[in-house]
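Subject: Structure for your review

Dear colleague,

I am handing over the structure below, together with an account of what was found in it. Please read the notes with the coordinates open beside them.

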Amino acid sequence: MSAIDSTSRPQDEPSRSRLRAETPPAHHWRRWVEDAAPEDAADAPDAGEPVDMTPQPPTPLPPPPPMTEAPAATTAAPPEPVDPDSPYRVLIVEDDRGQALFAQSVLHGAGMQAEVQMQSDGLLDTMRRFRPDLVLMDLHMPGKDGMSLTMLLRQQPEYLHLPIVFLTGDPDPERQFEVLESGADDFLNKPIRPRHLIAAVSNRIQRARQRNQALQAPRPSVNTDTGLPTRTFVLQQLADSLQRQSRGGVFFVEVNSALSLRERYGYAVFEHLMSQAGRQLAAAASPHPVARLNDNSFLMLADSVDETTLAALAQQLRDGLASHDFQTRPNEVLKLRGSVGYTAMSLGFADAGSALEAIERAVLQARLKADSLAEYVPAEVDDDAPRISLEDGQFELAYQPIVAVAGSDQAQYQVLLRMRQPDGSLLPASQVIPAAELAGGIAQIDHWVLEHALYVLAERQAAGPSLRLFVSQSPRSLARESHAQWLLDALRARGIEGTSLVIDLRLADALIHTVTLRQFCQQLMPAGVQFCLSQFEPGTEADALLTQLPLSFVRVSSKYASAHADPVLRDQLRGIIDSAHRQGLQVIGQQIEDPQAAAAMWMGGVDFIQGNLVQAVGSELGFDFHNAVL
């Protein structure tokens, strides 16, 4: 898998259509989060009167105090402890000696430690030795330019959240967008006033240190409501065990018929049942820790046990739950059944998210088996399957408008991934994504797609008209702990309204990865990011997702485009729409190719449609939503 250059601009510039801004409807996503005071995202104001500080090479100052060499970091969190009272450390990456010494002398005069790196080669070695609190990056460097160096740093987990500020004299706003797109936090224009430089640097370092201290603060390891270890604690234990290459197993226990139990007994009794179930599972699993993952699911970690005993441990968990009498009401007891998916840790999972994904897949199989037990078995590679070379192709984005049936000025598009091969042909995402997952490059592709989508949103937002983009992401990417924080930081750095971004979650993925997807959603909801469940078809588990995930939209399966010719599909479609509307969700009908299909969607009560009847997939964002007539 070749590295993907996220600094390049999208293949096609979005056209400037005459669109009027419209506020997203009703902020219904807020029902999943508590309103919080807005963050203070403003940088420190520039103090002092303007002064012409065109830099002149000063007399070199003595070098900063020697730093003890630090070993290379291997993990992103928690950050290495830093004395909050120690001098701020700034690495200046600048090939112009006069400019570099000017910035170094200003920062030295403010009591900071500043070191200069004048070559792109050896940057990582200098970073690990000097351990800066912030990097001042020049745009133009010999060898790799500043944006390439920034992307290189962002690929290192230990530098994912390190403040990187560009010093640039390039006044082109497009270039400045590209700087932010590369992963930088901000840019300062040359020539810069000393007081402005000091304020910008010190404020960012202060906030970064405060964030690191918050991450290092001890978290409770026991949930006071349930008496069980917290989910965070057990997942961290799992991550540590995987890093140590411990042997043993991981278990996912799902209490069956959770939706029916909640509807029959109500939320309070259901929660009481799940608390009892957790304590019973803890007793059956002892001495191994059990944590509640979700409404009706639990995680058990048994590291350092003989892996030949994993099947017996899974049966022990299942029987420990099924053998207990659970009290629901006076003189009424209930038996609970559970499905158990498990995996051996020796399979070599990269992180806790990968292991959790494996046992979520296993428990999906366990639901279908008579004994309700299933072990995760890695998929075999089909040597006869056609191969797609990701290195020889070029990624592109295409767009299709999503139009309100009742009419609206809101411009919104689904973002579709394409890969252009050397012969000029285009491969759709349905072929590219499986190949990327097989090659282990899906996270890079997802990052590239989001980077370009954010670029388009920032450009359109600066131009005036509002825009909303629906962007698909793989659960493998969403399960990475750093992905949500990176997206939050990127939205904040670019000043993008969170409600302008909708993450598409495919139904097949959501059924398997409910826990990890919900965790990702909960991290993004406070920023206003919305979520859409795609390729939806009704079913017991699928219907439950409408309440378990914080959704705003549902995109029905493409098969319902032919509902006008099939009474069974027509009735199913109406049922889906009615159920979604009761949950406060808006429904999208896709692949609408003819007026009959559009009429059936309209009769069923769908909110939006997309397809060739509206406009075919294209490279432009010029659809006239204001004058669209369906």
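**Pro-87 and its surroundings**

Pro-87 has a relative accessibility of 37% and therefore counts as partly exposed, since that value falls between the 20% limit for buried and the 50% limit for exposed. Please keep in mind throughout that this is a predicted model. Pro-87 belongs to the segment that precedes strand E1 (89-93). Leaving aside residues up to four places away in sequence, Pro-87 touches Gly-111, Gln-113, Asp-133 and Arg-209. For one of these partners, Gly-111, there is also a C-alpha separation from Pro-87, which is 6.7 Å although the two residues are 24 residues apart along the chain.

**Two helix pairs**

The axes of helix H2 (residues 123-130) and helix H3 (residues 146-154) come within 11 Å of each other and cross at roughly 55 degrees. H2 is therefore oblique to H3, as that angle lies between the 35 degrees below which helices count as roughly parallel and the 65 degrees at which roughly perpendicular begins. The crossing in which H2 passes H3 is right-handed. On the H2 side the contact involves Leu-123, Leu-124 and Met-127, which meet Leu-149, Leu-152 and Leu-153 of H3. Sorted by class, this contact of H2 with H3 has six nonpolar residues, with no polar and no charged ones.

In the second pair, H6 packs against helix H10 (residues 352-366) at an angle of about 105 degrees, and their axes are 9 Å apart. This angle falls in the range from 65 to 115 degrees, so H6 is described as roughly perpendicular to H10. The contact is formed by Leu-235, Leu-238, Ala-239 and Leu-242 from H6, together with Ala-352, Ala-355 and Leu-356 from H10. By class, the residues in the contact of H6 with H10 comprise seven nonpolar, no polar and no charged.

**Backbone points to check**

As background to this section, most residues other than glycine have a negative phi, and most peptide bonds are trans.

Arg-131, which is not a glycine, has a positive phi of about 55 degrees, and it is placed in the loop between H2 and strand E3 (134-138). With a relative accessible area of 26%, Arg-131 is partly exposed. Gln-245, likewise a residue other than glycine, has a positive phi near 60 degrees, and its place is in the loop between helix H6 (231-243) and strand E6 (248-255). Gln-245 counts as exposed because its relative accessibility is 62%, which is over the 50% limit.

There are also cis peptide bonds to look at. The bond from Lys-190 to Pro-191 is cis, with omega near -10 degrees, and Pro-191 is found in the loop between strand E5 (186-189) and helix H5 (194-216). Ser-286 and Pro-287 are likewise joined by a cis peptide bond, for which omega is about 15 degrees, and Pro-287 lies in the loop between helix H8 (267-285) and strand E7 (290-292).

**Cysteines**

How many disulfides are there when the sulfur atoms of a pair must lie within 2.5 Å? By that rule the count is zero. As for individual cysteines, Cys-521 has 0% relative accessibility and so counts as buried, and Cys-532, at 0% relative accessibility, also counts as buried.

With best regards

Definitions and conventions. Residues are numbered from 1 along each chain as its sequence is written. This is a predicted model: local features need pLDDT of at least 70, side-chain atom pairs count only at pLDDT 80 or more; totals for chains, interfaces and linings use all residues. Side-chain values use heavy atoms; hydrogens and water are left out. Axes are lines fitted to C-alpha atoms, for helices over the stretch in contact, and angles run from 0 to 180 degrees between N-to-C directions. Helices (H or I, at least four residues) and strands (E, at least two) are DSSP runs, numbered from the N terminus. Angles under 35 degrees count as roughly parallel, over 145 as roughly antiparallel, 65 to 115 as roughly perpendicular and the rest as oblique. A crossing is left-handed if the near helix is turned anticlockwise from the far one by less than a right angle, and right-handed if clockwise. Contact means heavy atoms within 4.5 Å. Ala, Val, Leu, Ile, Met, Phe, Trp, Tyr, Cys and Pro count as nonpolar, Asp, Glu, Lys and Arg as charged, and the others, Gly among them, as polar. A disulfide is a pair of cysteine sulfur atoms within 2.5 Å. Buried means under 20% relative accessible area, exposed over 50%, partly exposed in between (1.4 Å probe, protein chains only).
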